[in-house]
Structure formats: structure tokens, C-alpha cells
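Trainee: Please take me through this entry, stating the cut-offs of each term as it comes up.

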Amino acid sequence: MAAMGGDERQRMEAPAGDKFPEGLHVLAVDDDSVCLKVLEVVLRCCKYNPTTVTDAKTALKMLRAGKAEFDLVITDVHMPGVDGFKLLELIHLEMDLPVIMLSVDCDKKAVMKGITHGACDYLVKPACTNELKNIWQHVERRRNFEAKTHINNNNNNNDDDDDRVQPRTAATSKDSDNKGNERYDSNENQEITHVSTTWKKPRVVWTIELQNKFLEAIDQIGLDKV
């Protein structure tokens with residue numbers, strides 16, 4: 001896994017600060033300028049730091065240019081061009097930031113569609129202060145998840161390294177055993193050859209002296225028969 005950049009690390013460590021969740025960077029998206037202004041005022045009352053845009057394309061451009069600048073996105077569902085569901089899908093695929101859906105439509109199917117696409121919450125307009133003041137929990141939950149995932153990936157990488165070392169060790173041990181057996185067999189063969197050589201009958205060399213004795217013996221046998 002690639003090492004975390006400075007911006008990402010700073011975002012993950014932010015909850016440890018005393019001021020969190022004050023200053024939480026929220027990108028608010030709504031084509032209705034009046035509703036967008038009300039949302040901005042409420043977010044500032046909650047001590048968040050909102051940035052507002054009136055269309056999804058602009059929001060995507062800002063996120064792609066510097067996603068580390070934002071902690072959370074609140075988007076209206078029904079917008080011309082790229083709607084809130086499509087924006088949610090693209091953010092989930094490219095940036096994996098927590099996204100809250102906002103709409104006048106509280107139909108169960110619309111809510112379920114938002115959740116299915118990865119929304120962390122679905123609020124009905126107009127969102128009140130009590131609902132927005134706790135949205136920081138989604139950011140905290142996401143940061144904790146990312147931190148655990150990072151730790152688990154590091155542990156898995158360490159386990160993979162151990163698994164790669166063990167087969168080499170086993171192979172080396174097997175080779176050593178084979179070499180030891182080869183040396184043992186070689187020594188054993190040498191000992192057998194030595195024993196065989198030791199107990200072999202000495203070869204008789206035929207000399208003139210032996211030839212004369214042989215002839216004398218033949219003559220003696222012939223004389224006895226006569």
C-alpha cells in the first residue's frame with residue numbers, strides 16, 4: 001500500500017486536536033441559491049467551514065483539484081445535469097469522502113437509493129441545526145475506518161513477507177539434508193570398497209622357481225607310477 005500523503009495524514013490526525021470538530025471543511029452543493037445560503041448559515045452556526053457551489057460539475061472540479069481540502073460533502077438530490085445521486089457515485093469511486101444527501105423528498109425509495117449508492121446520511125430540507133451539528137461523526141467514523149484499514153494492510157504485508165521467507169528456509173533445509181545424505185552415501189561406499197579390497201585374495205605371480213618345482217612334482221608322480 002502506498003504511503004499516505006501529508007494532507008491525508010493531517011486529516012486523519014485532526015480529531016486529536018482540541019478544536020475538532022470546529023473548522024470542519026464542508027462542500028455544500030445545491031442549485032437552489034436560497035436553500036444553499038440557509039445551509040451555509042446553519043453550518044457556520046455549527047462552527048464548520050462551508051464552501052458552497054450551485055452545480056455538481058463545479059463541485060467535482062473542486063474536489064478533483066484538491067480533495068484533501070474537504071472533509072465532507074452535502075449535496076441536494078434533484079439538480080439539473082448531474083444530479084445528487086450521480087455526484088455521490090463519482091465521489092464514492094474517486095475520493096471516498098463521506099456524503100450527505102439533502103432533499104425535500106423524504107420518500108422511502110429515494111432514501112434507500114441514496115444509502116445504496118453510499119450516502120452516509122439522508123436529510124430532509126430544511127436541515128436544522130440539531131441535525132447538522134453532529135455531521136462530524138461521519139468524518140470521524142471514516143477516519144477511523146481508514147486508519148484501521150491502513151494498519152491491517154501493513155500487517156498483511158508483514159505476514160506476506162514471513163510467508164515468503166519460510167518456504168526459502170524450508171527449501172534450504174531440504175537441500176542441506178540432501179547434501180548431508182549424499183556425503184553419507186559417498187562415505188559409506190568408500191568404506192565398502194575399502195573392505196572389499198582388504199579381503200580380496202592376493203594374486204599369485206608365476207615365477208621360474210615355481211615352474212621348476214612344478215616340473216619336479218610331475219617327474220616324481222611319473223616315477224611312482226612306473
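Mentor: We begin with accessibility: buried means under 20% relative accessible area, exposed means over 50%, and partly exposed lies in between, for a 1.4 Å probe and protein chains only. This is a predicted model, in which local features need pLDDT of at least 70 and side-chain atom pairs count only at pLDDT 80 or more, while totals for chains, interfaces and linings use all residues. Residues are numbered from 1 along each chain as its sequence is written, and side-chain values use heavy atoms, with hydrogens and water left out.

Trainee: In what order do the five strands form the open sheet?

Mentor: Strands are DSSP runs of E with at least two residues and helices are runs of H or I with at least four, numbered from the N terminus; two strands pair if DSSP finds at least two bridges between them. One such pair is β1 and β2, parallel over five bridges, with V29 standing opposite V53 in β2. The pairing throughout the open sheet is parallel, the edge strands β2 and β5 each pair on one side only, and the order is β2-β1-β3-β4-β5.

Trainee: At about what angle does α4 run to β4?

Mentor: Axes are lines fitted to C-alpha atoms, for helices over the stretch in contact (heavy atoms within 4.5 Å), and angles run from 0 to 180 degrees between N-to-C directions. On that basis α2, which lies across β1, β2, β3 and β4, runs at about 170° to β2. Helix α4 lies across β1, β3 and β4, and its angle to β4 is about 180°.

Trainee: Which element gives the most to the largest nonpolar core?

Mentor: A nonpolar core is a set of buried Ala, Val, Leu, Ile, Met, Phe, Trp, Tyr and Cys residues joined through side-chain atoms within 4.5 Å. The largest has 24 residues, and those with the most contacts inside it are L27, V29, L63, V73, I91 and M101. Two or more residues come from each of β1 (25-29), α3 (56-65), α4 (84-94) and β4 (99-103), and the element giving the most, with five residues, is α4.

Trainee: Is D76 buried or exposed?

Mentor: UniProt lists D76 for "modified residue: 4-aspartylphosphate" in an unreviewed entry, and such annotations may be inferred rather than shown by experiment. D76 is found in strand β3 (residues 72-76) and, leaving aside residues up to four places away in sequence, touches V29, D30, D31, G84, L102, S103 and K125. Its relative accessibility is 4%, so D76 counts as buried.

Trainee: Which residues does a cis peptide bond join?

Mentor: Most peptide bonds are trans, so a cis bond deserves a check. The place to look is the loop between β5 (121-124) and α6 (129-132), where P126 lies. There omega is about -10°, and the two residues joined are K125 and P126.

Trainee: How does D96 count in terms of exposure, and what is its relative accessible area?

Mentor: Most residues other than glycine have a negative phi. D96, in the loop between α4 and β4, has a positive phi near 55°, as K47 has one near 70°. K47 counts as exposed because its relative accessibility is 52%, whereas D96 is partly exposed, with a relative accessible area of 30%.
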